[in-house]
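Student: I would like to learn how to read a protein structure. Can we go through it one feature at a time?

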Amino acid sequence: MQRGLPMQPTVVLLREGTDTSQGNPQLLSNISACLAIAQTLSSTLGPRGMDKLIVNERGEAQITNDGATILKLLDIVHPAARTLVDIARAQDAEIGDGTTSVVLLAAQLLKEIRGYIEEGVSPHIIMKGFRQATKLAIERVKELQVTVDKSDPEAFRSLLLKCASTSMSSKLIHSEKPFFSKMVVDAIECLDPEDLDESLIGVKKVAGGGLQDSLLVQGVAFKKTFTYAGAEQQPKHFNDPLILCLNVELELKAEKDNAEVRVEAVSDYQAIVDAEWEIIYRKLQAIEKTGAKVVLSKLPIGDLATQWFADRDIFCAGRVAAGDLRRVVQATGGAIQSTCSDISREHLGTCSVFEERQIGGDRYNILEGCPKAKTCTLILRGGAEQFIEEVERSLHDALMVVKRAIKNGEVVAGGGAIEMELSAHIRKHALTIPGKLQLIIAAFAKALEIIPRQICDNAGLDSTDILNKLRMKHATDGKWFGVDVDGPTGIRDNMEAFVWEPSLVKVNAISSASEAACLILSVDETIRNPQSQQQGPGPKAPPGTAQRALRGRGRGMGRR
């Protein structure tokens, strides 16, 4: 009689309760999660995009239509969907604009090939097709991009204004595009043309007033710091003053704060107090000898020093924010001093005008006409706090776009024009490829049409009709035709209409979206440990510990 085969023992590799999902259902689930995110963002795209109001757990509300900001504020827990959050953040950090486009494009790529996944096409073939199509798209952008002549400053400035204006067309401030475009270009032109460090553009928000009350200070402005009574006697306006920036505390400290001193007689105590006063007076006299008329310090300046400076017609401000002090040094020259001795003329900065000015409900110290001004300050006005914050985000996108346009100098037409041209080019190329790759590359071409389609949908236009018109134009010779949300036909030559974007925005968006789609397609299993998701799991206490602790606490109370 044949003996039965011995049963194989079950090998448990993972902790009990671990959730594992794998195979095609898992892949399709990841795609659905990414599409859900894209659906949230889709209505914010384009010049007629809507805004989102997001309220956090503390009840603070933010109104925005910036893709990266929305994804940062949403608490997304799905592991695959967080890939889209990462590409939006990367696009925001690297380019500054196109964050919504990159997420919509990645999700649409996944949507177009979902049917092929269900039919059993290998994800590796799809990834190969995507990479080929991405390469084709980037090569085509580089062929089409228009290089701007930087030799004519007027023409180049005009290009920068158009790029800034296009970036703002989908934002809350689109009604004030000419005003803010000029402000953004002037701000970037203040910076050092070699490195264009946008962190040297200070942004201050003052509630109240209208948008047109916003102003650009060609220098540094910072809010009046905490001051003592003597500050009101100090002069508030100087022409060509010497400016001293310190990292020194000019304040008497109470003895108990620093050390314990034991003395035998009152005279000994008086000697210690006198020594302290002597030290601070020595510092103040050293500062006066430098000839500085404006003294700014990162550390506190006390009431004694404030009154002393007021008696000698010197302006002082303590507790100046580190970022503001860095920009003052950058603009006026000089250096931050950590001691009051050996300060010479080269350590001091200067500017043509220093004044304290009332802006809205706040007072601001403003330094203008700085000799080494590689910095500037935007002072934004507006009604609600959320509104001013959204204006700041919109200007950040515009500043980054102008910076990229200066560094690269190549532009393409916006408004869905470049996407339609790439779609037509890739679709034509797909017909020359045999096998499954043809379908994948054609799906990539179709996915690119999501940008013009969504712009039409958000503007209330007939997207099918306009896309058909655009396909016909791009099949002939209308390579720069895109969506026109205002005109009667719905399409126009966006290069002639000056809807321009740096080509780098598009190259980065297409390559990031393709990489994210390939990454999500390469995942076929998710392993989740449920215990790590519990709030603050800690080691289990031995049995009876709680009872012993309670008994001990009861005995202690009885003794008291």
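Student: Where does the charged end of Lys473 sit?

Tutor: Bear in mind that this is a predicted model. For a charge over a ring, look at the charged end and the ring centre. The charged end of Lys473 sits over the ring of Phe481, 4.6 Å from its centre. Arg312 gives another case: its charged end sits over the ring of Trp308, 3.7 Å from the centre.

Student: How many aromatic pairs are there?

Tutor: Rings count as a pair if their centres lie within 6.5 Å. The count comes to seven aromatic pairs. Take Phe130 and Phe444. Planes over 60 degrees apart count as edge-to-face. The planes of Phe130 and Phe444 are at 65 degrees, with centres 5.8 Å apart, so this pair is edge-to-face.

Student: Which parts does the pair of Phe130 and Phe444 tie together?

Tutor: Find the element that holds each ring. Phe130 is in helix H6 (residues 123-144), and Phe444 is in helix H15 (residues 436-448). The pair therefore ties together parts that are 314 residues apart in sequence.

Student: Are Phe130 and Phe444 buried or exposed?

Tutor: Buried means under 20% relative accessible area. Phe130 has 0%, so Phe130 is buried. Phe444 has 2%, so Phe444 is buried too.

Student: What kind of aromatic pair do Phe179 and Phe180 form?

Tutor: That pair is edge-to-face, with 5.1 Å from centre to centre and 75 degrees between the planes. Now check accessibility. Phe179 is partly exposed, at 24%, whereas Phe180 is buried, at 0%. Rings can also form clusters: ring pairs link Phe238, Phe315 and Phe354 into one.

Student: Which residues have the most contacts inside the largest nonpolar core?

Tutor: In soluble globular proteins, nonpolar side chains tend to be buried together. Here the largest nonpolar core has 113 residues. Those with the most contacts inside this core include Phe130, Phe180 and Leu378. Leu378 touches, among others, Met183, Ala187, Ile201, Val203, Leu395 and Leu399. Apart from the largest core lies another core, of 20 residues, among them Leu246, Ile287, Val295 and Trp308.

Student: What is the strand order in the open sheet of three strands?

Tutor: Strands of a sheet pair through backbone hydrogen bonds, either parallel or antiparallel. This sheet has the order E5-E16-E6, with mixed pairing. Its edge strands are E5 (201-207) and E6 (215-217), and each pairs on one side only. From one strand to the next, the twist averages 20 degrees. E5 and E16 (residues 376-382) run parallel, joined by seven bridges. One residue to locate is Ala207, whose bridge partner in E16 is Gly382.

Student: Which strands does helix H8 touch?

Tutor: Helix H8 (residues 177-190) packs on the sheet and touches E5, E6 and E16. The direction of H8 makes about 160 degrees with that of E16. Helix H13 (residues 385-408) lies across E5 and E16, running at about 140 degrees to E16.

Student: In which sense do strands E7 and E15 pair?

Tutor: E7 and E15 (residues 362-368) pair in the antiparallel sense, over five bridges. Gly219 has Glu368 as its bridge partner in E15. Strand E7 (residues 219-223) is mostly covered, with four of its five residues buried.

Student: What phi does Gly333 take?

Tutor: Gly333 comes just after helix H12 and takes a positive phi of about 85 degrees. In H12 (residues 322-332), the buried residues include Leu325, Val328, Val329 and Ala331. Asp324 and Arg327 are also buried.

Key:
Residues are numbered from 1 along each chain as its sequence is written. This is a predicted model: local features need pLDDT of at least 70, side-chain atom pairs count only at pLDDT 80 or more; totals for chains, interfaces and linings use all residues. Side-chain values use heavy atoms; hydrogens and water are left out. Rings of Phe, Tyr and Trp (its six-membered ring) pair if their centres lie within 6.5 Å; planes under 30 degrees apart count as stacked, over 60 as edge-to-face and the rest as tilted. Helices (H or I, at least four residues) and strands (E, at least two) are DSSP runs, numbered from the N terminus. Buried means under 20% relative accessible area, exposed over 50%, partly exposed in between (1.4 Å probe, protein chains only). A charge sits over a ring if NZ of Lys or CZ of Arg is within 6 Å of the ring centre and within 35 degrees of the ring normal. Two strands pair if DSSP finds at least two bridges between them. A nonpolar core is a set of buried Ala, Val, Leu, Ile, Met, Phe, Trp, Tyr and Cys residues joined through side-chain atoms within 4.5 Å. Contact means heavy atoms within 4.5 Å. Axes are lines fitted to C-alpha atoms, for helices over the stretch in contact, and angles run from 0 to 180 degrees between N-to-C directions. Lists of a residue's contacts leave out its neighbours within four places in sequence.
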